[in-house]
Amino acid sequence: MQTQIFPLSEGTFTVGRDKTFLPFDETKDELNDRSIGSILVEVQPFLIVNDRDVIICDAGLGFHNADGVAQLIANLAQHNIHPEDVTKVLMSHLHKDHAGGLPVIMEEPAFAQAKIYVYFPEMTFAYEKGAPSYFTEDLDALKSSDRVVWLEESKGTIDGYIHYEHSGGHSPEHIVYWIDTAEGKIFFGGDEAPQARQMKIKYVAKYDYNGKLAMELRERWAEQGKTEGWQFLFYHDVKLPTVKL
């Protein structure tokens, strides 16, 4: 089957220096009314479906909708995917806006078939760093779960067709993924490559751990991805969640 990609948008938010994600309605809210330094972002995990796996890339904020249903589960249902269908969850890093949905995946019995792939040095760093970037209480269940696959090498391959590599630009132990498909490579860069426009301009972002490295990585991936026809998945892009450069 042809690989299918679905953005699982959880909505548009502003995030300021306090790392708090506040819902933002573009029809009535004004960015200038938010705290100084706030930026506008989408929060959207991705669903990838192929003939081998049903994959979630990062887990979202973990919010629930007005009906009390986890937003992640509600978004999957929109694409006729049930939690029991999910086989892999690929985590780029464990910041709260990417890992907030992990308790839903860990606690909901229907997700029992899903293996969760986490870079072990990132887990260690999360507990060293703590709030406000990391909510370690959301990560506690990972420690003893046999569903977690700890990635310990700086680069490697999962099941022969998913490749990961330590990047370390946005956060010290961030990783990125490439997924091989018959149509070409899918690239999921998490917060190393969060928005399409950031792949096209050269700048150092203040919110990155190593802004110069993150800039250089984006420049390299943009060039290589354009040449090789990668499908980019942008976790925080309000307008362009999936793009070929």
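Good morning. I begin with a single pair of side chains: those of Ser167 and Glu192 are joined by a polar contact of 2.6 Å. Please keep in mind throughout that the model is predicted.

Where does Ser167 lie? Ser167 sits in the loop that runs between strand S11, residues 162-166, and strand S12. Is Ser167 buried or exposed? Its relative accessible area is 9%, and buried means under 20%, so Ser167 counts as buried. The surroundings of Ser167 can be listed as well. Leaving aside residues up to four places away in sequence, Ser167 touches His174, Ile175, Val176, Glu192, Leu213, Leu217 and Trp221.

Two of those names, Leu217 and Trp221, lead to the second topic, since both are among the buried residues of helix H5. Helix H5 covers residues 211-228. Its 18 residues, at 1.5 Å a residue, should span 26 Å, and the C-alpha atoms at its ends are 25 Å apart, which agrees.

Which residues of H5 are buried? They are Gly211, Ala214, Met215, Leu217, Arg218, Trp221, Ala222 and Gly225. Viewed down the helix axis, these buried residues fall within an arc of 160°, and therefore they line one face of H5. On the face turned away from that buried side, H5 carries the exposed residues Lys212, Glu223 and Thr227. As for what covers the buried residues, the cover includes three strands: S12 (175-181), S13 (184-188) and S14 (231-233). Just after the helix, Gly229 adopts a positive phi of about 75°.

I turn now to another part of the chain, strand S5, which comprises residues 46-49. In a regular strand, side chains alternate between the two faces of the sheet. In S5, Phe46 and Ile48 point one way, whereas Leu47 and Val49 point the other way. All of these residues are buried.

Which strands pair with S5? One is strand S1, residues 4-7, which runs antiparallel to S5 and is joined to it by 4 bridges. Within that pairing, Ile5 stands opposite Ile48. Another is strand S6, residues 54-57, also paired with S5 in the antiparallel sense over 4 bridges. Here the bridge partner of Val49 is Val54. S5 and S6 form a hairpin, with 4 residues between the two strands.

To close, I return to the starting point: Ser167 is buried, its side chain makes a polar contact with that of Glu192, and among the residues it touches are Leu217 and Trp221, which belong to the buried set of H5. Thank you.

Conventions
Residues numbered from 1 in each chain as written. Predicted model: local features only at pLDDT ≥ 70, side-chain atom pairs only at ≥ 80, totals over all residues. Heavy atoms only, no water. Expected span 1.5 Å × (residues − 1). Buried < 20%, exposed > 50% of the residue type's maximum accessible area, 1.4 Å probe, protein only. Arc of directions from axis to C-beta. Contact = heavy atoms within 4.5 Å. Polar contact = N/O pair within 3.5 Å; in protein donor to acceptor, adjacent residues only side chain to side chain. Pairing = 2+ DSSP bridges.
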